[in-house]
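Visitor: I have a new model open at my bench and would love a guided look at it. Could you walk me through how its parts fit together?

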Amino acid sequence: MKADVGAAIRRHRELLGLSQADLAEAIGRSIQSLGEIERGRSAPTFETLEAISRVLGTPVRDFFPGHPEVREDDGPAGAGRVLSLLLPLSPQERAWVERVLVALLRDRPGKGGG
């Protein structure tokens, strides 16, 4: 379970484009401590999970395996569903999805692109 929680924290952090140093500083922990958590070598305290949750804007429950996907109605226009689809992707895959979305939004009819 420690490895799953750590991996989920890392995915959420990377999705926001934060470095380990950024998150560690924001939660008042060392980079080494955060790295140990993300690698599943140590378990975060509940206080640390709450701090990470606040900084990442993610409910604590989303860090635990087996948690149901984010509901479609979380956030504006189902943004929670989109986020749940992006979380398992690598940073490179998310960058590709972003490029596709930017192109789609730029080229949609009535929005100056077509």
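Guide: Happy to! One term before we start: contact here means heavy atoms within 4.5 Å. Please also keep in mind that this is a predicted model.

Visitor: Thanks. Which pattern does the chain follow along the sequence?

Guide: The chain holds six helices and zero strands. Read from start to end, its pattern is therefore made of helices alone, namely α-α-α-α-α-α.

Visitor: What percentage of the residues in the chain is buried?

Guide: A residue counts as buried when its relative accessible area is under 20%. Of the 114 residues in the chain, the buried share is 29%.

Visitor: And among contacts between residues at least 6 apart in sequence, what share joins residues at least 24 apart?

Guide: Here we set aside contacts between residues that are less than 6 apart in sequence. Among the contacts that remain, the share joining residues at least 24 apart is 50%.

Visitor: Let's turn to a pair of helices. Are helix 1 and helix 4 roughly parallel or roughly antiparallel?

Guide: The axes of helix 1 (residues 2-15) and helix 4 (residues 46-56) come within 10 Å and cross at roughly 25°. Angles under 35 degrees count as roughly parallel. Helix 1 and helix 4 are therefore roughly parallel.

Visitor: Which residues of helix 4 take part in their meeting?

Guide: Helix 1 passes helix 4 in a left-handed crossing. From helix 1, the residues involved are Val5, Ile9, His12 and Arg13. The residues of this contact divide into five nonpolar, one polar and one charged. On the helix 4 side, they are Leu49, Ile52 and Leu56.

Visitor: His12 catches my eye. Is His12 buried or exposed?

Guide: His12 is found in helix 1. Leaving out residues up to four places away in sequence, His12 touches Leu56, Thr58, Asp62, Phe63 and Leu87. Its relative accessible area is 5%, and the cut-off is under 20%, so His12 counts as buried.

Visitor: Where do the buried residues of helix 2 lie around its axis?

Guide: In helix 2, the buried residues are Leu23, Ala24 and Ile27. They cover an arc of only 100° around the axis, so they lie on the same side of helix 2.

Visitor: What comes after helix 2, and what is its phi?

Guide: The buried residues of helix 2 are covered by partners including helix 1, helix 3 and helix 4. Helix 2 is then followed by Gly28, with a positive phi near 75°.

Visitor: Which helices do the buried residues of helix 3 pack against?

Guide: In helix 3 (residues 31-38), the buried residues are Leu34, Gly35, Ile37 and Glu38. They span an arc of only 160° around the axis, which puts them on the same side of helix 3. Just after helix 3, Gly40 takes a positive phi of about 80°. The packing partners of those buried residues are helix 1, helix 2 and helix 4.

Visitor: One last stop: what distance separates the C-alpha atoms of Arg94 and Glu14?

Guide: Arg94 sits in helix 6 (residues 91-106) and is buried, with a relative accessible area of 9%. Apart from neighbours within four places in sequence, Arg94 is in contact with Glu14, Leu15, Leu86, Leu87 and Leu89. Arg94 and Glu14 are 80 residues apart along the chain, and their C-alpha atoms are separated by 10.0 Å.

Methods:
Residues numbered from 1 in each chain as written. Predicted model: local features only at pLDDT ≥ 70, side-chain atom pairs only at ≥ 80, totals over all residues. Heavy atoms only, no water. Axes fitted to C-alpha atoms, helices over the stretch in contact; angles between N-to-C directions. Helix = DSSP H or I, 4+ residues; strand = E, 2+ residues; numbered from the N terminus. Parallel < 35°, antiparallel > 145°, perpendicular 65-115°, else oblique. Left-handed = near helix turned anticlockwise from the far one by under 90°. Nonpolar A, V, L, I, M, F, W, Y, C, P; charged D, E, K, R; others polar. Buried < 20%, exposed > 50% of the residue type's maximum accessible area, 1.4 Å probe, protein only. Arc of directions from axis to C-beta.
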